[in-house]
Amino acid sequence: MTLIDTRTPNPKSFIKGATGDWEIVIGMEVHAQVLSESKLFSGSSTEFGSPPNANVSFVDAAMPGMLPVINAECVRQAVRTGLGLRAQINKRSIFDRKNYFYPDLPQGYQISQFKDPIVGEGSVFLDMGGAEHIEIGIERLHLEQDAGKSIHDQHPNMSFVDLNRSGVALMEIVSKPDLRSSDEAKAYLSKVRTILRYLGTCDGNMEEGSMRADINVSVRRPGGEFGTRCEIKNVNSIRFAGQAIEFEARRQIDILEDGGSIDQETRLYDPKTGETRSMRSKEEAHDYRYFPDPDLLPLEFDQAFIDDLAQHLPELPDDKQERFIKDYGVTPYDAMVLTLERESADYYEAAVKFGNGKRDGKAVANLVNGDIAAYANSQGLSVFETHIKPGQIAGIVDLVAAGTISSKGAKDLLQVIIAEEPEGEPAEIVERRGMKQVTDLGAIEKVIDEIIAANPGQVEAVKAKPTMLGWFVGQAMKASGGKANPQALNELLKKKLGIE
Amino acid sequence: MTDLTRLTLAAARAGLKAKEFTSSELTGAYLNAIEVGNPKLNAYVAVTGEQAQAQAKASDAKLAAGQGGPLEGIPLGIKDLFGTKGVHTQAASHILNDFKPEYESSVTSNLWRDGAVMLGKLNMDEFAMGSSNETSYYGPVINPWRANNSNAQLVPGGSSGGSAAAVSAWLCAAATATDTGGSIRQPAALTGTVGIKPTYGRCSRWGVVAFASSLDQAGPIARTVEDAAIMMTSMSGFDPKDSTSVDLAVPDFAAAVERGVKGLVIGIPREYRMDGMPAEIEALWQQGIAWLKAEGATVRDISLPHTKYALPAYYIVAPAEASSNLARYDGVKYGLRDTGKDITDLYELTRAHGFGREVKRRIMIGTYVLSAGYYDAYYVQAQKVRTLIKRDFEIVFNDGVDAILTPATPSAAFGIGDEDMKADPVKMYLNDVFTVTVNMAGLPGIAVPAGKDGAGLPLGLQLIGKPFDEETLFAAGRVIERSANIDFSPDKWW
């Protein structure tokens, strides 16, 4: 891999050192567990949380004479992901053996793809807020087996091995060294996770370990030569990724500014201390003795196979975002927030289109990203996971559009649905609870006349200072029990008071 | 009653069908022969008498009802490399101490499906690495053949030495074997038996302990070409559990045996005429040519120019794959475990005590050739050589050659503990000089006994065929067998 710098140094991301500015260079290897019923080369289940060694076949346990057979669904998932990353799909790829000894690696080698991966170069777009959009290059994606798990806390002097994960399919998504700050790194991880979840090729649950990242960090003078990198292994949260990069960059800068040099090594991030520590140096690095796995033929498929998968690919976040802006007139920010999760985007769109209605997408977005998002956050849920149905959202927006309730009334109505009537139908609630705003001018007129008659002093005052109209609006609204249509009220008061 | 163990597989099958004797009687005769012969020959590492009797009884019930498969009631020996459920499966290695798998290899499953009876597991070179059967953890197998007027013990060849010796000494009707660089054909040639390594992909490797995955193939050793063909038909077949197995219909190989060679073009490769090759081997080769000509074949001189690189390239590819395939024997999951103070000790002690010298030598060679900085010079280069060897054969076959005739081995059986070979492992590796090319190219090859050397020891010829054209090999092999018309029965001394 030749390193090419595709980015223009951005002072916003520089880190101040004692001797001047520094720039961080970051490349990511994301390990994403493929969503599939069974493992990459065996029929064992991939179910999470099974009792230890429940999902282990003879192949997973590396019994003598056992042979791997490729799981076609894992291949489809890798190709789908490659398409989602706008990447080159390689019709011929090769599985290699990566040889090393470890108790939770039963074969004594991991089947991976070394020289000829299934997916080649692609790209991911990041929206860094405002007008800043950056493109991060994808170097490759390859399929490989996960290892099992060693358990060291169950016995005074023995370790236990759980092979449930042994042989589960992983996609390793390798980025180019295009990231320049911890914020970009976090945005990248988040975007990759969004894409994987849209595609349904990985659940992206970092706490369960189904997505983790190895982060390569180096520092340099802005725009200068790439520095020596350190690899931070197995980071399992986006927040930790940001912290680990910040710490590591500062550590490297301190060393360099003290006249030292960086040793290429593998490091671990400890979330408790917020620090990275050395795991093994370059000298201790394994010689993995990669060679093509003779038990497996080269993996080959034709263009029709790719085309078929491409045809059935779901709409991707970038495309959806663009469409929401274009079709529903929402702001780019709202579109970005709405499309972070595929289900939330679907939820939003279901509300917009509910009952074949055509309603203002912006109004729906305001409600979803506003009060509903606030409620969802308070519950630790995503908007689509709340009990509020798209039909209810549509109902509320329609009532506002028809002038039946005011936007203040909409807030109240939503509170009723949240707290009191989770299954309630908005129009019915408004009707039953008398929440309709009054637009009948005849009824309002009588109230207004009474107020004008009872307050001659105020009438004089408003003529001198038209902004005093607010006092009359307040009185009239109070008298109507808050149900008067504020706009109609305004118009009528102005007319009656003879102000313009 | 005649000795039932002396019957060919075909004759035994006919006798069973005609109810001249039962499988229980036949099986009993073999178990007796094993009891007498095995202490001397050391061909079996495990004898499964009770299971054999039970299987024979079940076969007898089927045969009595006029039913049963193509191998119904036929007692076989199984090389210890094949996984056999609940039965000793150790690849003749200490590292698989007490290992009995919970599964049955696809090839042996096919044999039981067709009604065969298992007598036990056959000795072999450890992990199939060897050409004399002296690397077995269970000690060497003794060749039933002895030189004229000599009591010196000879090797049966390897790695399928137990299979070859057991077939030759009437300790089974036929045997399974495997061939990575000549491990079926060389011992067959050294014991006067017939052995065929089919095309790579013809037999499933599932459940067979791996040596070098891209070269390993199962095949039979039998007393006649016809017997080998009958065995081959049952052992073969596509297996979805082996990605390298080929989805092709299996012909009735026995039907091809009497097809003859009339009109066939037989290639004689000039590169197989090695320096220092014994005159007897050369003479036998010429004799083979004459027999095939006499039966109507055309003989043509051909060139396979990359032959001389085959053996060195083989000794890079095979150890490389083996070093990785044998990594799973680490003391963690099954087999031998020697413990020390930590996991590294466990690995080192288990592997130090579990593997024999030759296996360790090959693991070290394989680890070396795959190492960073050496990979391109060795492994990649060897793969290129392999491609060239394959192309040599393709050119010849595309040019109209139907099969190629060569010697099977550079000499007859040699002595146990041969000092020369002990001192220089490469001398031992040279035993496979005529056979490894076939594995490197993935082609089928058959060894047929064709004559005897001056000391009365059997010598074999090898026929190499086109991919998946084992039928031509059986036909041509039968012509050699018929033309030689020699009784390849060793004088019984055990």
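How many residue pairs are in polar contact across the interface of chain A and chain B? In this predicted model, the count comes to 16 residue pairs, both partners being at pLDDT 80 or more. As for salt bridges, the rule turns up just 1 across the interface of chain A and chain B. Arg205(B) pairs up with Asp295(A) in a salt bridge, and their closest N and O atoms sit 3.1 Å apart.

On to the chain A side of things. Strands β4 (96–99) and β15 (291–292) of chain A each chip in at least two residues to the side that touches chain B. Sorted by class, that side of chain A has 21 nonpolar, 4 polar and 5 charged residues. Counting heads, chain A brings 30 residues to the contact and chain B brings 38 residues.

Then there is the area. Interface size is often given as the accessible area lost when the parts come together. Here, chain A and chain B bury about 2,800 Å² between them, with 59% of it on carbon and sulfur atoms. Pro64(A), Phe101(A) and Arg289(A) supply 22% of what chain A buries against chain B, more than any other three residues.

Chain B also has a helix pair worth describing. Helix α4 (residues 106–113) and helix α7 (residues 225–235) of chain B pack with their axes 8 Å apart, at an angle of about 110°, which means α4(B) is roughly perpendicular to α7(B). On the α4(B) side, the contact is made by Val107(B), Asn110(B), Leu111(B) and Arg113(B), while α7(B) offers Met231(B), Ser234(B) and Met235(B). The residues of this α4(B)–α7(B) contact split into 4 nonpolar, 2 polar and 1 charged.

Methods: Residues numbered from 1 in each chain as written. Chains lettered and ligands numbered in written order. Predicted model: local features only at pLDDT ≥ 70, side-chain atom pairs only at ≥ 80, totals over all residues. Heavy atoms only, no water. Axes fitted to C-alpha atoms, helices over the stretch in contact; angles between N-to-C directions. Helix = DSSP H or I, 4+ residues; strand = E, 2+ residues; numbered from the N terminus. Parallel < 35°, antiparallel > 145°, perpendicular 65-115°, else oblique. Contact = heavy atoms within 4.5 Å. Nonpolar A, V, L, I, M, F, W, Y, C, P; charged D, E, K, R; others polar. Buried area = accessible area lost by both parts, 1.4 Å probe. Salt bridge = Lys/Arg side-chain N within 4 Å of Asp/Glu carboxyl O. Polar contact = N/O pair within 3.5 Å; in protein donor to acceptor, adjacent residues only side chain to side chain.
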